[in-house]
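Student: I'd like a close look at one part of this model: the packed interior and what surrounds it. Could you walk me through it in one go?

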Amino acid sequence: MFVGTGSDVGKSMLVTGICRLLQQKGYAPAPFKAQNMSLNSFATPDGLEIGRAQAVQAEACKIDCSTDMNPILLKPSGINKSQVVLHGKPIGDQTIKEYFLGNNKAQLFEEAKTAFFRLQETYSPIVMEGAGSISELNLKHRDIVNMRMAQAAQADVYLVADIDKGGVFASVYGSIALLEPWEKKLVKGIIINKFRGDVSLFEDGKKILEKLTGIPILGIVPYAKDIYIEEEDSVGLKEKKKDTTDGLINIAVVLLPYISNFTDFNVLEKDPRTHLFYSSDPQSIAKADVIIIPGSKNTIQDLLFLREKGIAQEILKAHELNKTVIGICGGYQMLGNHIEDPLGIESEIKSIPGLGILPIHTRLTAQKTTTQCNFKFKQYPQTCTGYEIHMGETTFENLSPLNNIEKQPEGYLQNNCWGSYIHGILDNTVVVEDLLQNFSSSKKVTPFDYKKYKEENYDKLATLLKEHIDIEAIISEMQYI
């Protein structure tokens, strides 16, 4: 199990790389995170929902993802409020206080352990990931994702620290000093992550930490900005570009307060023809060649946000100028005439007018759609892949489908504007080429292969970790050897 001195120290990325490295060595690894909090989620092959990070880690293992890899998912849906997803299905909303201080964690812990042991029947080893800090003294007796889970799984624990944040000595020593004796016995090594410069310069620091903690430093991993792994959550948005540039196709993704599944647009960040940026500034959005309204965990509140910020007005102007406007999932719903919420799924607002660009009508429902799909985009013959995760049914005034899923219409196409419930739609080359065809020069450009690019980066990450982590020491601790 890889745990952290805090959040955003690189645990997810390290687990992804370790998964690929073990797979390359002939093992059959699988990822596991008992509880994840993220608005980036993914649909499993059997139509259930897990955190996107575990889906990425499964991809690095070259296996299909399942809910056993992430049995509990928290999806923030309002101020201090989250939807709780158990074994891939929503079981209700709770405030953060209710969830972390409530009495239901005992049952959720049992559910997490059941998922782990079921996963262990098929794969070995299980590469586990913790969450946040291992030393939150006020919460750790209710914790179901870090040391208590490690104890239940009889896992070897490796503490990850981010040296780029500063204070690495205090964070490592303090995290270990605050552990109880039984917890400290589980910790087999320390990994210093995101080191900038010459790693050999930390040799004295390594010796000092080992003397202070009595635990070996098994790796000092360089800061790897040239290796691309999809982000786990919205922390990654802080590093995104925020305005237009010259000489490229400028694509604006509206930065919504409850933005979800922004990994939908990562492919456009990597395409050499495009400049993708995230913004909630109406003036920046107005300068873009293409405007995308992304998914949302609270569509009604985000629609109100568009109007309050003046973004809605700029989107309507862009549409009138015949610019390309796209909506994915919640963004698709916002492009329509009305959104109704009669059951109060998202808000006390029962009905709200949409942007009125597409002649569609959406009613939010209690049942969540989670499914992987194969589809045909527009008139193209290629079979595309994607997945749906939404709570809502959309009807059309006129039939003008964007996609066909097994001969059933999906999405809506109207001139330069289209919307779809399908996440990952842009991961398909034919969709990106269609989107960019009116902007591309006459010079032939080789389409960007996003799937190949991801595979190359899993391998690059594995190579980096092989060079800078004592992986053989980790393997030697694995219990079945």
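Tutor: Gladly! In this predicted model, the largest nonpolar core holds 65 residues, and Leu-306, Ile-315, Ile-425 and Leu-426 are the ones that touch the most other members. Take Leu-426 as a way in. Setting aside neighbours within four places in sequence, Leu-426 is in contact with Asp-264, Phe-265, Val-267, Leu-268 and Ile-292, and also with Val-431, Val-432 and Leu-435. There is a second, separate core as well, made of 53 residues, with Ala-55, Met-69, Ala-112 and Ile-134 among them.

Ile-292, one of the contacts of Leu-426, also gives us a link to Leu-255. The C-alpha atoms of Leu-255 and Ile-292 are 9.6 Å apart in space, while 37 residues separate the two in sequence. Leu-255 sits in the loop between β13 and β14 (259-260). Is Leu-255 buried or exposed, or something in between? Its relative accessibility is 29%, and buried means under 20% while exposed means over 50%, so Leu-255 counts as partly exposed. Even so placed, Leu-255 has contacts to show: not counting residues up to four places away in sequence, it touches Leu-237, Tyr-278, Ser-279, Ser-280 and Phe-305.

Two of those contacts, Tyr-278 and Ser-279, lead us to strand β15, which spans residues 274-279. This strand is mostly covered, with six of its six residues buried. It helps to recall that side chains in a regular strand alternate between the two faces of the sheet. In β15, Thr-274, Leu-276 and Tyr-278 lie on one side, His-275, Phe-277 and Ser-279 lie on the other, and both faces are covered. As for its partner, β15 pairs with β13 (residues 249-254) in the parallel sense, over six bridges. Within that pairing, Ile-249 stands opposite Thr-274.

Let me finish with a look at open space, which you may want for your own calculations. The second largest pocket contains about 560 Å³ of space. Its lining has 23 residues, and those closest to its centre are Phe-42, Glu-59, Gln-372, Thr-385 and Lys-454. Four elements each supply at least two lining residues: α2 (52-61), β22 (369-377), β23 (383-390) and α15 (450-468). Of these, α2 gives the most, with five residues. By character, the lining of this pocket divides into nine nonpolar, six polar and eight charged residues.

Technical notes. Residues are numbered from 1 along each chain as its sequence is written. This is a predicted model: local features need pLDDT of at least 70, side-chain atom pairs count only at pLDDT 80 or more; totals for chains, interfaces and linings use all residues. Side-chain values use heavy atoms; hydrogens and water are left out. Buried means under 20% relative accessible area, exposed over 50%, partly exposed in between (1.4 Å probe, protein chains only). Two strands pair if DSSP finds at least two bridges between them. On a 1 Å grid over the protein atoms alone, a cavity is a set of points where a 1.4 Å probe fits but cannot get out, and a pocket is an open set with protein on both sides within 12 Å along at least five of seven lines; lining residues have an atom within 4 Å of a point. Grid points are joined across faces, edges and corners, and a volume is the space filled by probe spheres set on the points. Ala, Val, Leu, Ile, Met, Phe, Trp, Tyr, Cys and Pro count as nonpolar, Asp, Glu, Lys and Arg as charged, and the others, Gly among them, as polar. A nonpolar core is a set of buried Ala, Val, Leu, Ile, Met, Phe, Trp, Tyr and Cys residues joined through side-chain atoms within 4.5 Å. Contact means heavy atoms within 4.5 Å.
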